[in-house]
Amino acid sequence: MRKIEHIGIAVKNLAESNVLFEKLLGVPAYKEEEVASEGVKTSFFMNGPNKIELLEATNPDSAIAKFLEKKGEGIHHIAFDVEDIEAEILRLKNEGFIVLNETPKKGADNKLVAFLHPKGTNGVLVELCQEIK
C-alpha cells in the first residue's frame, strides 16, 4: 500500500453534505458520480494532497443504506492506493485477511476496488484502490 487514497463518509443527503464540506474545506467538490452497481452517489473533495469521498445511498438495499440505518452518518471506510490490486488481494489473503470481493470491480473516481472485511481490520472497512489505466 502506497498511501491513503481517500476517506469515505456516509451521508444521508449528498447535496446538503456537499454544501457543508465546501464550507468546511473551503473548496467545492471536484467530482460527483453515481456508481449504479453499488447503489451509491458520490462526491469528492480535495484537501491538500488528501481526498474525502461523500457517499449517499441511491438504493435502499445498498451497503451505504444499510450502514446509515445501522450506524448513522459518519466515516464509512478508509481507502489505500495500491499499484497492483490483484497482487495486493493475494498478499492480504495469504496474511489471513477476509477479502469481500476477490475480483476487483469498477468503483468511483476511475478506480478498480476491493474491500477487506472489517471483522479482520479492527472494525474498519478497508478499500484497496488501483487507478484504471
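# Strands and salt bridges around β8

Q: Let's start in the sheet: how do β5 and β8 pair, and over how many bridges?
A: They pair in the parallel sense, and five bridges hold that pairing. Bear in mind that this is a predicted model.

Q: Which residue of β8 stands opposite D81?
A: That would be C129.

Q: And β7 next to β8, which way do they run?
A: Antiparallel, with six bridges joining β7 to β8. C129 turns up here too, as the bridge partner of V113.

Q: What's the strand order for the whole sheet?
A: It goes β2-β3-β4-β1-β5-β8-β7-β6, an open sheet of eight strands with mixed pairing. The edge strands are β2, residues 31-35, and β6, residues 105-107, and each of them pairs on one side only. From one strand to the next, the twist averages 35°.

Q: Any helix packing on it, and which strands does the helix touch?
A: Helix α3, residues 85-94, packs on the sheet and touches β7 and β8. Its direction makes about 150° with that of β8.

Q: Is β8 largely enclosed or left open?
A: Largely enclosed by the rest of the structure, because six of its seven residues are buried.

Q: Over to the edge, then. How many bridges join β6 to β7?
A: Three, and those two strands run antiparallel. In that pairing K106 stands opposite L112 of β7.

Q: OK, switching to charges. How many salt bridges are there?
A: The count comes to twelve.

Q: Which residue does D81 meet in a salt bridge?
A: R2, through their side chains, at 2.8 Å from N to O. The two sit 79 residues apart in the chain: D81 is in β5, residues 74-81, while R2 is in the segment before β1.

Q: Is D81 buried or exposed?
A: Buried, with a relative accessible area of 9%. The cut-off for buried is under 20%, so that value qualifies.

Q: What about K111, where does it lie?
A: In strand β7. K111 is buried as well, at a relative accessible area of 4%.

Q: A buried lysine! Which side chain does K111 make a polar contact with?
A: The side chain of E131, at 2.8 Å. That pair also counts as a salt bridge, with the closest N and O atoms 2.8 Å apart. In general, side chains of opposite charge can pair when their charged atoms come close.

Q: How far apart in the chain are E131 and K111?
A: 20 residues, with E131 in β8 and K111 in β7.

Q: Is E131 buried or partly exposed?
A: Partly exposed, since its relative accessibility is 37%. K111, by contrast, counts as buried at 4%.

Q: What else does K111 touch?
A: Leaving out residues up to four places away in sequence, K111 touches E5, K51, K105, K106, C129, Q130, E131 and I132.

Q: So K51 is on that list; which residue forms a salt bridge with K51?
A: D109 does, and the closest N and O atoms are 2.7 Å apart. D109 comes from the loop between β6 and β7, and K51 from strand β4, residues 50-57, which puts them 58 residues apart. Both D109 and K51 are buried.

Q: Which residues do the shared partners join into one network?
A: E5, K31, K51, D109, K111 and E131 are joined by salt bridges that share partners.

Q: Back to D109 for a sec. What's its phi?
A: About 60°, so to speak the wrong sign for a residue that isn't a glycine: the value is positive. For context, most residues other than glycine have a negative phi.

Q: And N110, what's phi there?
A: Near 60°, again a positive value in a residue other than glycine. N110 is found in the loop between β6 and β7, which is also where D109 has its place.

Q: Is N110 buried or partly exposed?
A: Partly exposed, with a relative accessible area of 31%. D109, on the other hand, is buried at 7%.

How values were computed: Residues numbered from 1 in each chain as written. Predicted model: local features only at pLDDT ≥ 70, side-chain atom pairs only at ≥ 80, totals over all residues. Heavy atoms only, no water. Pairing = 2+ DSSP bridges. Helix = DSSP H or I, 4+ residues; strand = E, 2+ residues; numbered from the N terminus. Axes fitted to C-alpha atoms, helices over the stretch in contact; angles between N-to-C directions. Contact = heavy atoms within 4.5 Å. Buried < 20%, exposed > 50% of the residue type's maximum accessible area, 1.4 Å probe, protein only. Polar contact = N/O pair within 3.5 Å; in protein donor to acceptor, adjacent residues only side chain to side chain. Salt bridge = Lys/Arg side-chain N within 4 Å of Asp/Glu carboxyl O.
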